[in-house]
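The following report describes selected features of one protein model, moving from strand pairing to backbone geometry and charged side chains.

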Amino acid sequence: MTTESRDREHTWTEAGPVLLRDDERIDDLERNGYGIIQRKGAFCFGMDAVLLSGFAVVKPGETALDLGTGTGIIPILLEAKTLGRHFTGLEIQQESADMARRSVAYNRLEEKVEIVTGDIKEAGRLFKLASFDVVTSNPPYMNSAHGLKNPGDAKAIARHEVLCTLEDVIREGAKVLRPMGRFYMVHRPRRLVEILDTFTRHGLEPKRMKFVHPYADREANMVLIEAVRGGGALMKVESPVVVFDESGQYSDEIRTTYGY
């Protein structure tokens, strides 16, 4: 069934400057009055995207590319949180890219944020080499599609390395980064050795790392990493982030530093 025929099964209503499908909603990002379109039953952004947008540094006047942007959450949050000049999101799934474009239009960010439909594995061809100051990525964490009932499902593609691998993401990110440009990634600690090795093999030197713990007494379930193209061999391990306090509420750091 084509996207067009699927869309005919739904009704559409106006939501400001965009159309919203009957199974979609607009979630408040609590930043600059921005919202993002999410679809029931589809992959929705999580804490990892929020943390990455807070960890990444985009300086005034810089440009940033988000690889595998999904529905555009990271470029939109980075535009809200930084003084970067322009933000681009690359997404292979047409339905997700369409939702991202409508979110950009909803927030009236067309002059600052662009969504490109395309394959991460072709990023070095889709964009000019060494053209971005910053690359970000919240890639699929699972490195095998084994046991997936539907590898073509949008959620499966977002969570498993079905359409691209860690190697693909880092290799192509390195191609489009300017010398001394910065690559920011959120991933799982269990793949940390592989991540660091892949970064260094592609000329990206890990410089900052921060572990994320759901609670203070739990082991880390995420890791944030900054790598610099052509940087020197010196890495700083920063104080960890704890997401929830003892009462199960978001911690002060999450509410203030990351603005969730």
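Strands β5 (residues 63-67) and β6 run parallel and are joined by 5 bridges. Within this pairing, A64 has F87 of β6 as its bridge partner. The model is a predicted one, and the values reported here are computed from it.

**Strand β6 and its surroundings**

Strand β6 also pairs with β7 (residues 113-117), again in the parallel sense and over 5 bridges. Here L90 stands opposite V116 of β7. Strand β6 therefore has β5 as one parallel partner and β7 as another.

The connections between these strands run through helices. Helix α3 (residues 73-81) takes part with β5 and β6 in a right-handed β-α-β unit. A further right-handed β-α-β unit is made by β6, helix α4 (residues 94-106) and β7. Strand β6 thus belongs to both the unit containing α3 and the unit containing α4.

How enclosed is strand β6 by the rest of the structure? Of the 6 residues in β6 (residues 86-91), 5 are buried, so the strand is largely enclosed. In this context buried means a relative accessible area under 20%. Helix α3 is likewise mostly covered, with 8 of its 9 residues buried. The buried residues of α3 are I73, I74, P75, I76, L77, L78, E79 and A80; the list includes the acidic residue E79.

**Positive phi angles outside glycine**

Two non-glycine residues with positive phi are described here. N32 has a phi of about 55° and is placed in the loop between β3 (24-28) and β4 (35-39). With a relative accessible area of 53%, N32 is exposed. M180 has a positive phi of about 70°, but the place of M180 is in strand β9 (residues 177-187). The relative accessibility of M180 is 49%, so this residue counts as partly exposed; the cut-off for exposed is over 50%.

**Salt bridges**

How many salt bridges does the structure hold? The total is 20. Three of the pairs are listed below with their nitrogen-to-oxygen distances.

| Pair | N to O distance |
|---|---|
| K121 and D119 | 3.1 Å |
| R125 and E122 | 2.9 Å |
| E238 and R208 | 2.7 Å |

The pair E238 and R208 joins distant stretches of the chain: E238 lies in the loop between β12 (236-237) and β13 (241-242), whereas R208 lies in strand β10 (residues 204-213), so the contact ties together parts that are 30 residues apart in sequence. Both E238 and R208 are buried.

The other two tabulated pairs include residues with greater accessibility than the cut-off of 20% for buried. K121, which meets D119 in a salt bridge, is partly exposed at a relative accessible area of 31%. In the pair formed by R125 and E122, R125 is exposed at 61% relative accessibility, while E122 is partly exposed at 32%.

Salt bridges also link E24, R39, E95, D98 and R102 in a network. Among the members of this network, E95, D98 and R102 fall within the residue range of helix α4 (residues 94-106), the helix of the β-α-β unit that connects β6 with β7. E24 and R39 fall within the ranges of β3 (24-28) and β4 (35-39), the strands on either side of the loop that holds N32.

Note on methods. Residues are numbered from 1 along each chain as its sequence is written. This is a predicted model: local features need pLDDT of at least 70, side-chain atom pairs count only at pLDDT 80 or more; totals for chains, interfaces and linings use all residues. Side-chain values use heavy atoms; hydrogens and water are left out. Buried means under 20% relative accessible area, exposed over 50%, partly exposed in between (1.4 Å probe, protein chains only). Helices (H or I, at least four residues) and strands (E, at least two) are DSSP runs, numbered from the N terminus. Two strands pair if DSSP finds at least two bridges between them. A crossover is right-handed if, with the strands pointing away from the viewer, the path from the first strand over the helix to the second runs clockwise. A salt bridge is a side-chain nitrogen of Lys or Arg within 4 Å of a carboxyl oxygen of Asp or Glu.
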